[in-house]
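The following exercises concern side-chain packing and polar contacts. Each task is followed by a solution in steps.

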Amino acid sequence: MPSRPDVDRSDEVNAALLADLRSTISSSRVLTGGPEYERSVTLFNGAADIRPAVVVRCATAADVQAAVRAAGEHGVPVSVRGGGHDFWGRALRPGGLVIDLADMRGVRVDADRRVATVEGGALSSDVVAAAERVGLTAVTGTAGAVGMVGITLGGGYGPLTGRFGLAADNLLGAEVVLADGSRVDTDAEHEPDLFWALRGGGGNFGVVTSARIRLHPVPTVVTGTIFYPISQASRVLGDLGEILQGGPDELTVDVGLLPSADGAPAVYVAPTWSGDLDEGATENGPVHALTRLGMPLLVDIGRTTRSAGLAATDAMFPVGRMGAIRSRNISGISASITDVLVQGAHAFTSPFSAILLHQFHGAAARVPLDSTAFGRREPHQMAELISLWEKGDDSAGEGGARHLRWVERLHAALEPFSLPGGYVNFLGPETPDQVAHSYGPNTERLLAIKSAVDPDSMFVGTPLPCTPAL
């Protein structure tokens with residue numbers, strides 16, 4: 001007799017699912033509780049408290065295939081965990097099956113071809129460290145603990161964007177497990193539509209079990225930080241905006257506002273020079289020119305390996321704090337935008353929050369818009385609005401609500417000055433208007449590919465317009 005639709009059959013379904021999984025995957029890798037389970041469900045954002053039914057610690061692509069097939073057979077929601085840095089916790093789904101790639105972090109470097117073959121769970125720091133050993137580097141974001149595949153699928157702004165493009169622009173091919181459990185290799189010549197979608201369309205099309213990434217002979221850069229007092233923000237950001245408009249590809253500059261040690265906000269300028277090191281280090285060069293925008297509080301600029309730079313960012317943003325993030329794209333740093341940012345900085349509710357602007361220019365802006373799924377190619381600044389606070393911070397008697405209000409107010413205040421859409425790795429269900437415009441004219445093709453390779457929306461990665469991700 002058919003079961004009544006109002007009867008909860010989750011225990012029955014999960015028991016059948018576990019039996020299916022353990023018939024094909026080592027039972028020690030199928031987790032429903034215990035320390036290994038807890039490690040797998042602990043994410044960067046401590047506010048993302050999500051309890052999946054089962055975690056599968058995959059060791060091979062075959063394990064991934066078995067997990068996908070079992071989830072499909074039993075109708076259980078699927079998520080994929082790489083680095084676990086997504087602020088919404090989309091690496092986990094309530095009551096679902098987690099494909100945890102933490103044991104798939106291998107990196108093989110072909111120094112002659114300047115290509116890294118990266119397993120799906122490799123972190124950005126894993127890839128950069130392996131490449132550095134042979135005098136190369138990879139295009140990544142600013143943090144080493146972020147999953148390499150995850151940041152690449154969503155686009156991947158970073159300090160080498162001006163010279164080498166986005167992380168997505170350096171994806172050469174991938175091995176992908178699709179929703180039916182089949183495994184395909186995709187590149188510009190094989191499954192080209194899927195390859196197009198993977199470069200900026202997010203983790204919505206399958207499980208990338210390995211990726212082939214272009215490397216570059218820039219293991220050392222000239223980089224560092226410059227801090228200015230908030231009282232000089234109008235002058236510093238105004239002059240910096242003019243410098244960035246005509247700057248060379250080799251110079252990519254992050255800028256923002258951070259709480260300083262004494263509690264007062266400060267202007268933060270973080271240049272990265274990826275050209276000739278002697279030119280970058282000279283006192284009259286383009287990097288040190290940024291130390292003369294005003295009267296700096298601190299200058300720490302020098303030659304640094306890229307791995308050291310990633311580690312420094314990881315130290316600034318450790319795992320486990322509570323947090324929320326919002327994002328806007330702006331065409332430039334105008335006086336009106338500076339006023340909004342300064343007001344936001346003066347209203348910081350936590351010493352761990354930050355306002356960061358990431359420069360998009362040079363090589364990334366010269367890629368034709370229709371050649372990848374990434375939806376915006378003109379020069380701009382991507383604003384990353386980060387609200388972070390410690391667990392247990394209830395000093396105002398309202399938990400994290402005041403921290404959330406801060407980021408929402410700043411996000412709203414930037415809207416009149418912002419371009420449509422936003423960076424999909426930093427968008428969630430709270431901003432459907434931004435999601436709707438994030439892929440621009442690439443939206444229709446992207447949704448058609450999604451429908452072809454994952455018609456039942458098994459995979460819900462970064463949000464797509466008009467899909468269950470919203």
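**Exercise 1. Charges over rings**

Over the ring of which residue does the charged end of R321 sit?

*Solution.* The model is a predicted one. The charged end of R321 is placed over the ring of F352, 3.7 Å from its centre. A further case is R445, whose charged end sits over the ring of W196, 4.0 Å from the ring centre.

**Exercise 2. An aromatic pair and its surroundings**

Classify the geometry of the pair Y157 and Y423, and state which parts of the chain the pair ties together.

*Solution.*

Step 1. The structure holds 8 aromatic pairs. In the pair of Y157 and Y423, the ring centres are 4.7 Å apart and the planes stand at 75°, so the pair is edge-to-face. The cut-off needed here is that planes over 60 degrees apart count as edge-to-face.

Step 2. Y157 lies in the loop between helix 5 (148-154) and helix 6 (161-164), and Y423 in the loop between helix 12 (401-414) and helix 13 (432-437); the pair therefore ties together parts that are 266 residues apart in sequence.

Step 3. Buried means under 20% relative accessible area. Y157 has a relative accessible area of 6%, so Y157 is buried. With 3%, Y423 is buried as well.

Step 4. Y423 also forms an edge-to-face pair with F426, at 5.0 Å centre to centre and 80° between the planes. Both Y423 and F426 are buried. Ring pairs join Y157, F360, F374, Y423 and F426 into a cluster.

**Exercise 3. The environment of R376**

Is R376 buried or exposed, and which polar contacts does its side chain make?

*Solution.*

Step 1. R376 is located in the loop between strand 16 (354-360) and strand 17 (380-389). Its relative accessibility is 13%, so R376 counts as buried.

Step 2. The side chains of R376 and E378 are joined by a polar contact of 2.3 Å. In addition, a polar atom of the R376 side chain lies 2.9 Å from the backbone oxygen of P420.

Step 3. Leaving aside residues up to four places away in sequence, R376 touches N329, F360, L369, L419 and P420. One of these, F360, belongs to the ring cluster of Exercise 2.

**Exercise 4. The cover of helix 4**

Which residues of helix 4 (residues 124-132) are buried, and what covers them?

*Solution.* The buried residues of helix 4 are S124, D126, V127, V128, A130 and A131. Their cover includes strand 5 (107-110), strand 6 (115-119), strand 7 (137-138) and strand 10 (207-216), together with helix 5 and helix 10 (306-316).

Conventions: Residues numbered from 1 in each chain as written. Predicted model: local features only at pLDDT ≥ 70, side-chain atom pairs only at ≥ 80, totals over all residues. Heavy atoms only, no water. Phe/Tyr/Trp six-rings, centres within 6.5 Å; stacked < 30°, edge-to-face > 60°. Helix = DSSP H or I, 4+ residues; strand = E, 2+ residues; numbered from the N terminus. Buried < 20%, exposed > 50% of the residue type's maximum accessible area, 1.4 Å probe, protein only. Lys NZ or Arg CZ within 6 Å of the ring centre and 35° of its normal. Contact = heavy atoms within 4.5 Å. Polar contact = N/O pair within 3.5 Å; in protein donor to acceptor, adjacent residues only side chain to side chain.
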